[in-house]
Amino acid sequence: MERRCDICQENEAIYTDYSRGVSLCTNCLKSSIRRRAWAVLENELQEGDKIVVAHSGGKDSSLALYITKEFIDTHPDMKLNLVSLTIDEGTFYRKASIELAKKLAEKLGIRYIVFTMEDIHGISIEDIKVNIPKNWRRSVCTYCGVLRRQAINAVARELGASVVITGHNLDDIVQTSLMNIARGDVNALVKTLRHERRIEEGLIPRIRPLKYVYEREIAALVIALGIPAHLGKCPFTQGMRIGIRRVIDELEDEASGSKIRALRSFYLITRSIRPRVEIKRCKVCGEPTTADLCKACQFKLELSDFFGKDLLKPPSFEKASSEKEWIWSNR
Ligand code: SF4
Ligand code: ZN
Ligand code: ZN
């Protein structure tokens, strides 16, 4: 039997929020997610911001783009500007999501740009996955995460962006926080949770509008609204995150609301911790780092040894520089 929405009492419910014991229709779910996401955007965006949305074409970044575009359209006084950026890791899985990313950007009338990992780092994630042995010292996801993060920062900076928006959701942030705890890395834990809009030279501030939104809420809304987005998971997933995700999902099944309570607790615990980090410039690529070499260059050094080719060449951003004018013009 069709279930009515508990909020408006009118439309068919498409999603049940077990922690609050309410079922919601598409409109009420959208309003609820938008309220949380816009509160973050209102708090963290500044007038005149040039925003790059890191848009993989997956459900999270696609919804982040969609919601940010609605925010911009309803806040013309803030004079915000937006571009969608995909970093193509070079995996067969990414091909399908790039098409969907383009489709969504076109539908929303947003400028869209793609850079390949090969353009920037001289190697694709598919190359790493196919060639490194199973018992190699790091998982393919560790390489992918670090190289992609650095690529997004470097391209956004070359484009002259003032802020990067990502699609990280509540589940992602709780998982990453627990992984940092399991590794005993308190500095990384604080960095995961504290996203102050502080300008550190060369580091573009990041905003995560979906940080208080559950992954399954995002999936339900993306499907209900028919937003073009890839719903599958990358088949290369490896490493600690798989086990951590399972544990947190089981906990949420046992006690609804555990994820949001865990996130609030992490914020409270880390509120008074001041990490001692000195930001320097990487000796090879010039990216901001806390060591002499940034993580991406440390990894590229290892991969250069493994593949027998020099991957430490400075990345080329001619494309970003030449597209800068076009990207931010005539908005
Ligand atoms: Fe990269 Fe791993 Fe994510 Fe696949 S699952 S996109 S390899 S980090
Ligand atoms: Zn409703
Ligand atoms: Zn570097």
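These legends go with close-up views of a predicted model.

**View 1. Four cysteines hold the zinc ion (ligand 2).** Here the sulfur (SG) atoms of Cys 5, Cys 8, Cys 25 and Cys 28 are the protein donors, lying 2.3 Å from the zinc ion (ligand 2). Angles of 103 to 119° among the four donor atoms make the site tetrahedral. For comparison, the ideal angle for four tetrahedral donors is 109.5 degrees. Read along the chain, the donors follow the spacing C-x2-C-x16-C-x2-C. Cys 5 belongs to the segment before β1 (15-17) and Cys 28 to helix α1 (residues 26-44), so this pair ties together parts that are 23 residues apart in sequence. Cys 5 is buried, at a relative accessible area of 0%, and Cys 28 is buried too, at 13%.

**View 2. The zinc ion (ligand 3) is coordinated by Cys 282, Cys 285, Cys 294 and Cys 297.** Each of these cysteines uses its SG atom, at 2.3 Å. This site is tetrahedral, with angles of 106 to 114° among the four donor atoms. The spacing of the donors along the chain is C-x2-C-x8-C-x2-C. Cys 282 sits in the loop between β8 (280-281) and β9 (288-289), while Cys 294 sits in the loop between β9 and α12 (295-307), so the pair ties together parts that are 12 residues apart in sequence. Have a look at how hidden they are: Cys 282 is buried, with a relative accessible area of 5%, and Cys 294 is buried, also with 5%.

**View 3. Six residues surround ligand 1.** Around ligand 1 you'll find Cys 141, Cys 144, Arg 148, Cys 234, Phe 236 and Thr 237. Sorted by character, this shell has four nonpolar residues, one polar and one charged.

**View 4. Trp 38 and Phe 71 meet edge-to-face.** The structure holds five aromatic pairs, and this one has its ring centres 5.5 Å apart, with 85° between the planes. Trp 38 is part of helix α1 and Phe 71 part of helix α2 (residues 59-74), so the pair ties together parts that are 33 residues apart in sequence. Trp 38 counts as buried at 16% relative accessibility, and Phe 71 counts as buried at 0%. Trp 38 has another partner as well: the charged end of Arg 34 sits over its ring, 5.3 Å from the centre.

**View 5. Trp 136, Phe 306 and Phe 307 form a cluster of rings.** Within it, Phe 306 and Phe 307 make an edge-to-face pair, 5.1 Å centre to centre and 80° between the planes. Phe 306 is partly exposed, at 31% relative accessibility, and Phe 307 is partly exposed, at 24%.

Conventions:
Residues numbered from 1 in each chain as written. Chains lettered and ligands numbered in written order. Predicted model: local features only at pLDDT ≥ 70, side-chain atom pairs only at ≥ 80, totals over all residues. Heavy atoms only, no water. Donors = N, O, S within 2.8 Å, 3.2 Å for Na, K, Ca; no water. Tetrahedral: all angles 85-135°; square planar, octahedral: opposite > 155°, others 65-115°. Helix = DSSP H or I, 4+ residues; strand = E, 2+ residues; numbered from the N terminus. Buried < 20%, exposed > 50% of the residue type's maximum accessible area, 1.4 Å probe, protein only. Near = heavy atom within 4 Å. Nonpolar A, V, L, I, M, F, W, Y, C, P; charged D, E, K, R; others polar. Phe/Tyr/Trp six-rings, centres within 6.5 Å; stacked < 30°, edge-to-face > 60°. Lys NZ or Arg CZ within 6 Å of the ring centre and 35° of its normal.
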